[in-house]
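This report goes through a single protein chain, moving from one loop residue to strand pairing, salt bridges and aromatic pairs. The sequence and the structure come before the details.

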Amino acid sequence: MKKVNRTLAVWTSIGLVGSAWAAPFSLFAAESAAGSNGNNTALYGAVRQYGFSGTGGVANSGPGLPATALNDPVGLAFRNGKLYIGNRHGNTLGLGSVQSADWNGTVLSNVTTVATQTQSSEQGFHGIGFAPNGDLFATTVNDGTIRYRNSGSGYVKIGKTTSGAVRDAWISPDGKKLFETTTGSVIRVTDLTAGGFGSFADFNVAGASAMHQMAWANGALFVTSFNTSRVFRVTLDSGFVPTGSSEVANVAGAIGVAFSPDGNEMFVSRHSVGGISRLSWNGSSWADSGLIQTGTSMGYLQTVPEPASILAVGAGLAVALRRRRPR
């Protein structure tokens, strides 16, 4: 019992009791005006940045990225120290692009266009995602998902799905399946080959309509339903095949979804009505725990743990353990 109490005291001293994740993390959120903006750059949105000391912490605004550096952002993804932004280019120019920005744990910098598409049928990008091998997938407003591969000197288009109007792309952790949200209630699941696409199967999320962003958390896939203002949880088997779905939250204008690193807090961005809802896990369900006021319509979300803070927590734990080591 003394050993248990000593361990509890150690974890309490560095703030790891009551929350599985006490280290800071950041939430990035794309502003996204409803409807088509055409080439009216004055209506393009920015990427907002919020910092948290830990799950349930106060949302502290950071610099983010200004609208003038972007091209109508919607989708967000993070990989290898860079935040990637999927741009609509207004939905009407027959354009789409992906930009990247370096992240040093405090600010974003060096905004660079890494992929673009000018074919008229592939108007506008929405959600973006990465496969484990680094392939980039960008969903288009009307014409499937484009697959890009880093050639060493830039991303090159190597293929595209035929799934029509899609809104987000998620790739299973084993790199074998591509999930696409459609504008209805169907998630299309396509087998991935080394350089292309295999067969697909459609999974219906009962009660959903105009699905958008997906996020993997707590061993399940979560997806927003804009038309019904809902968030659904989709269960997958060991091969990442969908097996069922259930409604877990009701959020007005639900369009983007992301989770704190420990999975105990869910963020849901609100399209048209504005704001980012916060929901906490109470052990049996997701409960409303506040709203980040944005004053503008929002797009997709991405959370990023702070690398420096992770190291600091590890160092703090080591120090605390040394100080309490039996003599």
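Which side chain does the side chain of Asp 143 join in a polar contact? The partner is Lys 160, and the polar contact between the two side chains has a length of 2.6 Å. The model is a predicted one, and the values below are computed from it.

## Surroundings of Asp 143

Asp 143 sits in the loop that runs between β9 (136-140) and β10 (145-150). Is this residue buried or exposed? Asp 143 counts as buried because its relative accessibility is 19%, and the cut-off for buried is under 20%. Leaving aside residues up to four places away in sequence, Asp 143 touches Ser 121, Glu 122, Lys 160, Thr 161, Gly 164 and Ala 165. Lys 160 therefore appears both in this list of touching residues and as the partner in the polar contact, where the cut-off is a pair of N or O atoms within 3.5 Å.

## Overall make-up

The protein has 327 residues, and 50% of them count as buried. Its secondary structure consists of two helices and 24 strands. Among contacts in the protein with a separation of 6 or more, 50% are between residues 24 or more positions apart. The exposed area is about 13,700 Å², of which carbon and sulfur atoms supply 52%.

## Strand pairing at β1 to β3

Strand β1 (residues 25-31) pairs with strand β2 (residues 47-52) in the antiparallel sense, over six bridges. One position in this pairing is Phe 25, whose bridge partner in β2 is Phe 52. β2 also pairs with strand β3 (residues 60-65), again in the antiparallel sense, over four bridges. Here Tyr 50 stands opposite Ser 61 in β3. In a regular strand, side chains alternate between the two faces of the sheet.

## Salt bridges

How many salt bridges does a search of the whole structure find? The search finds 10. Three of them are listed here.

| Salt bridge | N to O distance |
|---|---|
| Asp 102 and Lys 82 | 2.4 Å |
| Arg 188 and Asp 202 | 2.8 Å |
| Glu 247 and Arg 230 | 3.0 Å |

The side chains of Asp 102 and Lys 82 meet in a salt bridge at 2.4 Å, N to O. This pair links distant parts of the chain: Asp 102 belongs to strand β6 (residues 96-103) and Lys 82 to strand β5 (residues 82-87), 20 residues apart. Asp 102 counts as partly exposed at 24% relative accessibility, and Lys 82 is partly exposed with a relative accessible area of 27%.

Arg 188 and Asp 202 meet through their side chains at 2.8 Å, N to O. Arg 188 is in strand β14 (residues 186-192) and Asp 202 is in strand β15 (residues 197-204), so the pair ties together parts that are 14 residues apart in sequence. The two ends fall into separate classes: Arg 188 counts as buried at 17% relative accessibility, whereas Asp 202 counts as partly exposed at 44%.

In the salt bridge of Glu 247 with Arg 230, the closest N and O atoms are 3.0 Å apart. Glu 247 lies in strand β19 (residues 242-250) and Arg 230 in strand β18 (residues 230-236); the pair links distant parts of the chain, 17 residues apart. Glu 247 is partly exposed, with a relative accessible area of 44%, and Arg 230 counts as partly exposed at 23% relative accessibility. Elsewhere, Asp 135, Arg 147 and Arg 149 are joined into one network by salt bridges that share partners.

## Aromatic pairs

A search of the whole structure finds 13 aromatic pairs. One of them is formed by Phe 28 and Trp 103, which are edge-to-face, with 5.0 Å centre to centre and 90° between the planes. Why does this pair tie together parts that are 75 residues apart in sequence? Phe 28 lies in strand β1 and Trp 103 lies in strand β6, so the pair ties together parts with that separation. Phe 28 counts as buried at 0% relative accessibility, and Trp 103 counts as buried at 10%. Another group of rings, made up of Trp 170, Phe 179, Trp 216 and Phe 240, forms one aromatic cluster.

Methods. Residues numbered from 1 in each chain as written. Predicted model: local features only at pLDDT ≥ 70, side-chain atom pairs only at ≥ 80, totals over all residues. Heavy atoms only, no water. Buried < 20%, exposed > 50% of the residue type's maximum accessible area, 1.4 Å probe, protein only. Polar contact = N/O pair within 3.5 Å; in protein donor to acceptor, adjacent residues only side chain to side chain. Contact = heavy atoms within 4.5 Å. Pairing = 2+ DSSP bridges. Areas by Shrake-Rupley, 256 points an atom, 1.4 Å probe, with all protein chains shown as cover. Salt bridge = Lys/Arg side-chain N within 4 Å of Asp/Glu carboxyl O. Phe/Tyr/Trp six-rings, centres within 6.5 Å; stacked < 30°, edge-to-face > 60°.
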